[in-house]
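The report below walks through the helices and sheets of one protein chain for a reader who is new to structural description. Please keep the sequence and the picture at hand while reading.

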Amino acid sequence: MTATNISATRIPPLSGADAEFFSAARLRAARLQPYLASAVFSLVPVAQPGYGTFGVDRWWRVYLDMDRAREWGIAATAAVILHEAHHVVRDHHARADRISVEAHHAHLWNLAGDAAINDDLLEDGLALPSPVLPKHLGLQTGLLEETYFRHLLEQEEQDQAQKSCGSGSGGTPLESEIDQEPDSTDPAGPQGIDQVEAQAIRRAVAHDVVAAQGTGQNVSPGLVLWAQDLLNPQVPWQSLLRSALGSSARAITSKPQPDWARPDRRSDSRPEFPRPGSRHLRPQVAVVIDTSYSMSRPLLNAAVTEINALLQRFGVSELIVVVCDAAATPPQRVRRIGELALSGGGGTDLRVGIAAAAECRPSPQIIVVLTDGFTPWPQEAPARTKLIAIIIGDHAPLPEGTGITSLRIKEPR
Ligand SMILES: [Zn+2]
């Protein structure tokens, strides 16, 4: 007996014609909603002849009746693949637990999730085969899964005979579901997606959603809300910018100043992020983002989340962004996060990027540096500027020096 006495479930790959059809449909799905591409390509296909539809489990394994898929055709199959990807991206399984959906109500939660997903897919013009929609449940469009579920509970007499979408939808598990957590070290390749990896994919999708919206692509509002919620920024920008601007703003008396005592009324929906009142100050802010080799995708995502927060929530109409590893790229003027182009991957010397940012005209009042902290720092902030160093993760020390404010934020899971 060896130590590895685990009867790992090997998922046999799809056979020739099925694999070809599925690949074509998956590619179509990724083109239809490009911001979901990383999720769509993470799904692990499992053949399920005779099932009658597609389903997904909580480990991102999609169960496929490929005969049914051929009846649907490529376009509709692509839409169904997107539907299943939405279940796991929106974390319907865990959300069901969070609101304590009981087993005998799992089918209602499944319906609520389907209605919310299909509503969004239809708005995108995707042709699903016989989709459950909010109107079929007697409900209005554009609401959250949890709201649909509460309504359905009230309408308890619902007896829609629906096939379950599997445990990944938070519904009843399929009878034939693989009852085993995936082993990410399996040499045979991915047999499913574990929770840590799933969260990383969700964050990547959320960034792609925000970026797609930023470039003017049509993204359903529900998905944008979901993404912004997931990417909740950590930096208390309001107090940081205010204290950094405080003295320099007073020094430039001719310039209009923010009236933080009279927050914008729009901030009611997000009381934790007040906007300045009507006397808008447009602070000149430059950002230096570390794109050296040590900045992993999660760290970069955290950095981009903070840049997005600066752009969206603080009336900073345009940011100067300097992308920097050991060398600085020419400053980019960014109005929407989707415009930001990242490159890098080399060693690190952010002093170069900070100097490049300081030379921009008009001169920045504040230079924000987003980094894992593994870089040499200047002794002091450049003349007439404040330097705000945001260190992501707790591996490197916080920099100190004249005019430098440092802050540590958590490395995302
Ligand atoms: Zn479903």
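Helices α6 and α7 are oblique to each other, because the angle between them falls outside the other classes (angles under 35 degrees count as roughly parallel, over 145 as roughly antiparallel, 65 to 115 as roughly perpendicular and the rest as oblique). The contact of α6 with α7 has ten nonpolar, one polar and one charged residues, where Ala, Val, Leu, Ile, Met, Phe, Trp, Tyr, Cys and Pro count as nonpolar, Asp, Glu, Lys and Arg as charged, and the others, Gly among them, as polar. On the α6 side the residues include W109 and G113, and on the α7 side they include E145 and F149; two residues are in contact if their C-beta atoms, placed from the backbone, lie within 7 Å.

This is a predicted model, in which local features need pLDDT of at least 70 and side-chain atom pairs count only at pLDDT 80 or more, while totals for chains, interfaces and linings use all residues. Residues are numbered from 1 along each chain as its sequence is written. Helices (H or I, at least four residues) and strands (E, at least two) are DSSP runs, numbered from the N terminus.

**Two helix pairs**

The table sets out both packings, with axes as lines fitted to C-alpha atoms, for helices over the stretch in contact, and angles that run from 0 to 180 degrees between N-to-C directions.

| Helix pair | Angle | Axes apart |
|---|---|---|
| α6 (residues 106–123) and α7 (residues 145–154) | about 135° | 8 Å |
| α8 (residues 195–214) and α9 (residues 221–230) | about 125° | 9 Å |

The crossing of α6 and α7 is right-handed, whereas that of α8 and α9 is left-handed; a crossing is left-handed if the near helix is turned anticlockwise from the far one by less than a right angle, and right-handed if clockwise. Helices α8 and α9 are likewise oblique to each other. Where they meet, α8 contributes residues including R202 and V209, and α9 contributes residues including L223 and Q228. This contact of α8 with α9 has seven nonpolar, two polar and two charged residues.

**Two open sheets**

One open sheet has three strands in the order β1-β3-β2, with mixed pairing, where two strands pair if DSSP finds at least two bridges between them. Its edges are β1 (44–47) and β2 (54–56), each with a single partner strand, so one side of each lacks a neighbour in the sheet. The twist from one strand to the next averages 25°. Strand β1 pairs in the parallel sense with β3 (residues 61–64) over four bridges, and V44 has R61 as its bridge partner in β3. Across β2 and β3 lies helix α4 (residues 74–89), running at about 20° to β2.

The other open sheet has six strands in the order β6-β5-β4-β7-β8-β9, again with mixed pairing. Strand β8 (residues 386–392) pairs with β9 in the parallel sense over six bridges, and I392 stands opposite I409 in β9. Helix α12 lies across β4 (285–290), β5 (319–324), β7 (366–371) and β8, and runs at about 155° to β5.

**Confidence**

The protein chain has a mean pLDDT of 83, with 85% of its residues at 70 or more; pLDDT is the predictor's confidence in each residue, from 0 to 100. Confidence is lowest in helix α10 (residues 237–251), at a mean of 70, and highest in helix α12 (residues 350–358), at 97. Over residues 1–6 pLDDT stays under 50, and the model has zero contacts for them beyond four places in sequence. Over residues 250–280 pLDDT also stays under 50, although the model has 37 such contacts there. Where pLDDT is low, the predicted coordinates should not be read in detail.
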